[in-house]
Amino acid sequence: MAMDIFLIIVVSLIALFVSYYRFFKFSLVNDLNGHSKIAETKLGPIEYKIIGDKGPILMSIHGSPGGHDQNIISSDAFRILILSRPGYLRTPLGVGKTPAEQATAYSELLDVLGIQKVVVMGISGGGTSSMEFAAKFPEKTLGLIAFEAVSYSEDYANKFPDDESMMNGSDFSMWAGLYSMSFLGTKKKAAMMLPNPKNRIRLTSNPKNVAKLKSMEWSIWPMSLRREGVVNDYQQFANLSIPFEKINAPTLAIHGNEDINVDLAHARELIQKVQGSELRIIDEGDHMMMFTHAEEIDSLIKEFVLRVSNDQTLT
């Protein structure tokens, strides 16, 4: 009898847990969709959102994985246009597989939105298509920011074999891991995520940095809505040919000197090949430096955007 009651309790708890997971996923996806719009372009639907209502426009191109929910900066001095790259969330991969094709998709999106010029910022894996955009559409590019950006060919599938389990894992298993982490204190999260003890202090001692981390924690989930984009990115990164010589817009590379995901050599490659470009190295910055050096990074981006746009509102 006692065993029967125990089994009933266990089964009930499992059912409750599964129901909560389904509710959580449904609510999160609904929230994602509710905070974005779909633009119907010649190449297909592109998901996007615009943050802010005044000033020049920074078009932010997210990394791998990501989506329109991956925003690394805060500013009331300019607007931020964030889109979901092909293969992510509600933008189909067919809109553009290669970095060059994705750059054309960004141009089509701007046309539909009636936006003439932008500063384009490529974050990590979004760097390749942002560089292609600056090269292919100079008339629409006020400036280019390469933020920890991939600039040359690398086989990331072999470089980070653990990523394959993440990409191929179930939404449920990844959710369980992320959800479990939500119960950890900020200091424990910092210890897990940040190798450099100084960066752990930078994160935990600054409420702005902690808030930014919390806003980004779920921007890689659910993987089922981002997997196609990540797989395609890794395939593209293994064979890149970026036309650096065609980039003539003001260009700023921002990179940490402790980044092991995208080595500092990528930024050096960019500034060597793009005439007049500049490099700002974030001391002790790793690939999570947007959480540990937020004020420094926000300031660099703000100064660059306003300088190259000349404080104009261009729409």
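A residue is called buried when its relative accessible area is under 20%. The exercises below concern a predicted model.

**Exercise 1.** Determine which residues of helix α2 are buried, and examine whether the end-to-end span of the helix suits its number of residues.

*Solution.* Step one applies the burial criterion to α2: Pro 99, Gln 102, Ala 103, Ala 105, Tyr 106, Ser 107, Glu 108, Leu 109 and Leu 110 are buried. Step two takes the length. Helix α2 covers residues 99–113, that is 15 residues, and at 1.5 Å a residue the expected span is 21 Å. The C-alpha atoms at its ends lie 21 Å apart, which agrees with the expectation. Step three looks just past the helix, where Gly 114 adopts a positive phi of about 75°.

**Exercise 2.** Classify the mutual orientation of helices α8 and α9, and describe their contact.

*Solution.* The axes of α8 (residues 197–204) and α9 (residues 207–216) come within 6 Å and cross at roughly 95°. Angles from 65 to 115 degrees count as roughly perpendicular, and α8 and α9 are therefore roughly perpendicular to each other. On the α8 side the contact involves Arg 202, Leu 203 and Thr 204; on the α9 side, Asn 209, Val 210 and Leu 213. By class, this contact has three nonpolar, two polar and one charged residues.

**Exercise 3.** Repeat the analysis for α9 and helix α13.

*Solution.* The axes of α9 and α13 (residues 294–309) are 9 Å apart, at an angle of about 80°. That makes α9 roughly perpendicular to α13. Lys 208, Asn 209 and Lys 212 of α9 meet Ala 294, Glu 295 and Asp 298 of α13. The classes here are one nonpolar, one polar and four charged.

Conventions: Residues numbered from 1 in each chain as written. Predicted model: local features only at pLDDT ≥ 70, side-chain atom pairs only at ≥ 80, totals over all residues. Heavy atoms only, no water. Axes fitted to C-alpha atoms, helices over the stretch in contact; angles between N-to-C directions. Helix = DSSP H or I, 4+ residues; strand = E, 2+ residues; numbered from the N terminus. Parallel < 35°, antiparallel > 145°, perpendicular 65-115°, else oblique. Contact = heavy atoms within 4.5 Å. Nonpolar A, V, L, I, M, F, W, Y, C, P; charged D, E, K, R; others polar. Expected span 1.5 Å × (residues − 1). Buried < 20%, exposed > 50% of the residue type's maximum accessible area, 1.4 Å probe, protein only.
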